[in-house]
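Open your viewer and load the model. This tour goes from the whole chain down to single side chains.

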Amino acid sequence: MLGRLTLALSLALAAPLAGAAEPFVFTAIPDEDETRLQERFEKVADYLEDQLDVEVRFVPVKSYAAAVSAFRNDQVQLAWFGGLSGVQARERVPGSRALAQGVEDARFRTYFIAHESTGLEEGAGLVDAMRGMTFTFGSKGSTSGRLMPEHFLREAFGEAPEATFSRVGFSGNHSRTASLVATGAYQLGALNYTVWENEVEAGHIDTDSVRVVWETPTYPDYQWSIRGDVDERFGEGFADRVQQALLDMDDPALLESFPRSGFIPVSNDDYEVIREVGRQLDILD
């Protein structure tokens, strides 16, 4: 009798552990100041946890490449990627798919900015006067901070940026690009237009010392991507539930932190143009 009671007690204690679900983990490319990213995505984690009824964790990464590696190595199951990093990640994980993009991401754009010392006026465009100046991209893996700006620079000048400018750098993120050009550390730079507008609105940029000289044509950019094996691990239809939770995100404060007005459905095919430009520039891998 005592043996049966001991066995029953052991099984009762073990049951919660055996049934404990693994956490659902996500990350995001570090395209802005790290503190702001942490605040934003901790709130997203809380929202998703309420919607999905599973434990949700946000884990920060130090680089775009680290975000892709975390997705590939199953350290995260979901990620907020840029266009290029999303393509790179999905190619490394069979069955993974893009779920949702911001309303603004279907027609995203890059701003080219110039320090006042260049003499370039607002809206000047990509002009020959830029030749020989210093220029900074954002991260090497950024769609709006490197891939598409380089694409348009090559179209305008007919050569690699290293041949056009006297010095080419990579700031690491969009906020840093704005700061480097504003201080004159670089004469020119290219960055995500939403980061620029946020920095200006927050009073972080003196628009007397740095100005937007060109705005690119639009292209698809940021998106949420999910691994192809989540249904096996979290239950049938889990990926669709995650997608619906993202599409249903309507808290103005949460959306403003992206900043996006909302999220809309998207598919891998919507990023084919990003894949093609990445191949042309040989920076897809």
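The stops below begin with the overall fold and end with charged pairs.

**Whole chain**

Keep in mind that this is a predicted model. Show the protein as a cartoon. You should find 12 helices and 11 strands. Align the view to the principal axes. The C-alpha atoms fill a box of roughly 90 × 40 × 30 Å.

Now look at how the chain packs. Of the contacts with a separation of 6 or more, 79% join residues 24 or more positions apart. Buried residues account for 53% of the 285 residues.

**Surface**

Switch on the surface. The accessible area comes to about 12800 Å². Carbon and sulfur atoms contribute 48% of that area.

**Charges**

Select Lys and Arg in one colour, Asp and Glu in another. The protein has 25 positive and 46 negative side chains. The centres of the two sets lie 6 Å apart.

Side chains of opposite charge can pair when their charged atoms come close. How many salt bridges does the structure hold? The count is 16. Three of these pairs follow.

**Stop 1: Glu22 and Arg233**

Select Glu22 and Arg233. They form a salt bridge, with the closest N and O atoms 3.1 Å apart. Which parts of the chain does this pair link? Glu22 sits in the loop between helix H1 (2–19) and strand S1 (24–28). Arg233 belongs to helix H9 (residues 230–234). The two are 211 residues apart, so the pair links distant parts of the chain.

Check the accessibility next. Glu22 is partly exposed at 35% relative accessibility. Arg233 is partly exposed too, at 26%.

**Stop 2: Arg227 and Asp229**

Move to Arg227 and Asp229. Their closest N and O atoms are 3.0 Å apart, and the two form a salt bridge. Are these residues buried or exposed? Both Arg227 and Asp229 are buried, meaning under 20% relative accessible area.

Now add Asp74 to the selection, and bring back Glu22 and Arg233. Glu22, Asp74, Arg227, Asp229 and Arg233 are linked in a network of salt bridges. Stops 1 and 2 both belong to this network.

**Stop 3: Glu55 and Arg57**

Finish at Glu55 and Arg57. Their side chains meet in a salt bridge, at 2.7 Å from N to O. Glu55 is partly exposed, with a relative accessible area of 36%. Arg57 is also partly exposed, at 42% relative accessibility.

Conventions. Residues numbered from 1 in each chain as written. Predicted model: local features only at pLDDT ≥ 70, side-chain atom pairs only at ≥ 80, totals over all residues. Heavy atoms only, no water. Helix = DSSP H or I, 4+ residues; strand = E, 2+ residues; numbered from the N terminus. Buried < 20%, exposed > 50% of the residue type's maximum accessible area, 1.4 Å probe, protein only. Contact = heavy atoms within 4.5 Å. Areas by Shrake-Rupley, 256 points an atom, 1.4 Å probe, with all protein chains shown as cover. Lys, Arg positive; Asp, Glu negative; His and termini not counted. Charge placed at Lys NZ, Arg CZ, Asp CG, Glu CD. Salt bridge = Lys/Arg side-chain N within 4 Å of Asp/Glu carboxyl O.
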